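I opened this notebook to keep track of what I look up in the structure, entry by entry. The topics are a loop serine, aromatic rings, a surface patch, charged pairs and a strand residue.

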Amino acid sequence: MNRPHYGYTPRPAHDPHRGVPYRTAGSMPVTPGTVLDLRPLAPPMRDQSAQGACTGFAGRGAIRGLITAAQRDGFWTGEDFDVASGALYGEELYLDGALGRDQGSTIARLVDVLTTRGIPREDRAPYTLDAFRRRAHDTAWSGHRLVNATPLRHNLNDIRAAFADGCPVVVGIPCYGGERGIASERAYAFGAIEMPSTSDELEGWHAVALWGHDPHAGDDEGGLFWVQQSWDGWAPLTGGMGTIPAKYVTMLANEIWALGAVR
C-alpha cells in the first residue's frame, strides 16, 4: 500500500462563504429514499501520485463527468478530451500566489479556474510531478469552461438535490488515521471509508468527487455517498470508487461544491 498524498487546504473556520441553499430553476423535490447514482458519468480513476494535486484531480473527474453528460444530451460541441488535472492545480497555485510550492489548494480556487480560465486538455498538458511549478501554456486550454457551480450547505437534502440535477459534488474532507480511515488497509482494499473514532488522529485534508447517494446503505443513519479517489491501488476492484458515510461529509467536510454545467 502506497503512502497517500493529501493536498486540500481547508478554508478557515471564520470564512463566511460556507454554502447556500441549493436551488436551480429546473430542480424538483427529491423523493425521500430514492437512490441517486451518477457513477455511470464518472471517468476512469487517475493517480495524483506524490503531489498534493487532489483538487485538480477531483475537479478533473467532475468536469469529465459533466462533459459526458453534455455529450449524451447533445449540448457539447467540439472534440472529446480528458481534463488536465496538473494544469488545474498549477493555475490554482498561481492564483493563490503559491506557484512553485506544492501546498495544495481549495475547491473555491478550483472553481475560480474552471469558470474563468476554463477547462484544460490533458493531451496538451500531460500530468507531471512538477505541475506545481508552472502554469500550463495558453494552447492547453480548450475554450470550454464551467458555467454553473454552487457552494452547498452541509445539508444532506441539498446535496441530494444537486445529485438529482445531475451534478457531481466535490468536497474537501479531513482524513484520519486508524483502521477506519481513508488510507487504512480496509479502505484501500474495498473502498470503504468509515466515521473516525475519537482516538483517530487527523493526518491531512483531501479533495474528492462524490457521485451519488444510497440512503439505504451502511449502518449509520444518512446512508452512503459514492466517492472516487485519486490514489493508485485504492479500491482496485471498483476502479477507485468507494463509499463514505453521508454524515462524514455533512458533519466534517470543509467545502462542498456542486458542479453543474459546462459549455
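Entry 1, a loop serine. I began with Ser184, which I found in the loop between strand 3 (169-176) and helix 5 (185-190), and I kept in mind that the model is a predicted one. I then looked up its exposure: Ser184 has a relative accessibility of 6% and therefore counts as buried, since the cut-off for that class is under 20%. Its side chain has a contact that I noted as well, reaching the backbone nitrogen of Ala187 at 3.1 Å.

Entry 2, aromatic pairs. I asked how many aromatic pairs the structure holds, and the count came out as 6. For the pair of Phe57 and Tyr127, I read a distance of 4.8 Å between the ring centres and an angle of 90 degrees between the planes, so I entered the pair as edge-to-face. Phe57 belongs to helix 1 (residues 54-73), while Tyr127 is in the loop between helix 3 (107-117) and strand 2 (146-151), so this pair ties together parts that are 70 residues apart in sequence. Buried or exposed, I asked of Phe57 and Tyr127; both are buried.

I went on to Phe163 and Phe225, an aromatic pair that is also edge-to-face, with 5.9 Å from centre to centre and 70 degrees between the planes. Phe163 is in helix 4 (residues 156-164) and Phe225 in strand 5 (residues 224-228), so here the parts tied together are 62 residues apart in sequence. For exposure I wrote down a relative accessible area of 2% for Phe163, which is buried, and of 0% for Phe225, which is buried as well.

A further note on rings concerns Tyr6, Tyr188 and Trp231, which form one aromatic cluster.

Entry 3, charges over rings. I looked for places where a charged end sits over an aromatic ring, and I noted that of Arg39 over the ring of Trp226, at 3.9 Å from the ring centre. I also recorded Arg263, whose charged end sits over the ring of Phe75, 5.5 Å from its centre.

Entry 4, a nonpolar patch. On the surface I found a nonpolar patch of about 240 Å², made by Tyr94, Leu95 and Leu99. Of these residues I followed up Leu95, which is placed in helix 2 (residues 85-96) and is partly exposed, with a relative accessible area of 36%.

Entry 5, salt bridges. The structure holds 16 salt bridges, and I wrote up some of them in detail. In the salt bridge between Glu255 and Arg11, the closest N and O atoms are 3.1 Å apart. Glu255 lies in the loop between helix 6 (246-252) and strand 7 (256-262), whereas Arg11 lies in the segment before strand 1 (36-37), so the pair ties together parts that are 244 residues apart in sequence. I checked the exposure of both partners, and both Glu255 and Arg11 are buried.

I next took Glu79 and Arg121, whose side chains meet in a salt bridge at 3.1 Å, N to O. Because Glu79 is in the loop between helix 1 and helix 2 and Arg121 in the loop between helix 3 and strand 2, the pair ties together parts that are 42 residues apart in sequence. The partners fall into separate classes of exposure, as Glu79 counts as exposed at 52% relative accessibility, whereas Arg121 counts as buried at 7%.

The salt bridge of Asp138 with Arg117 has its closest N and O atoms 2.7 Å apart. This pair links distant parts of the chain, with Asp138 in the loop between helix 3 and strand 2 and Arg117 in helix 3, 21 residues apart. Asp138 is exposed, with a relative accessible area of 56%, while Arg117 counts as partly exposed at 29% relative accessibility. I then asked which residues are joined into one network by salt bridges that share partners, and I listed Glu91, Arg117, Arg135 and Asp138.

Entry 6, a strand residue. I closed with Leu224, which is found in strand 5 and is buried, with a relative accessible area of 16%. From Leu224 to Leu152 I noted a separation of 72 residues in sequence and of 18 Å in space, C-alpha to C-alpha.

Methods. Residues numbered from 1 in each chain as written. Predicted model: local features only at pLDDT ≥ 70, side-chain atom pairs only at ≥ 80, totals over all residues. Heavy atoms only, no water. Helix = DSSP H or I, 4+ residues; strand = E, 2+ residues; numbered from the N terminus. Buried < 20%, exposed > 50% of the residue type's maximum accessible area, 1.4 Å probe, protein only. Polar contact = N/O pair within 3.5 Å; in protein donor to acceptor, adjacent residues only side chain to side chain. Phe/Tyr/Trp six-rings, centres within 6.5 Å; stacked < 30°, edge-to-face > 60°. Lys NZ or Arg CZ within 6 Å of the ring centre and 35° of its normal. Patch = residues over 30% accessible without salt bridge, like charges linked within 9 Å, V, L, I, M, F, W, Y side chains within 5 Å. Areas by Shrake-Rupley, 256 points an atom, 1.4 Å probe, with all protein chains shown as cover.
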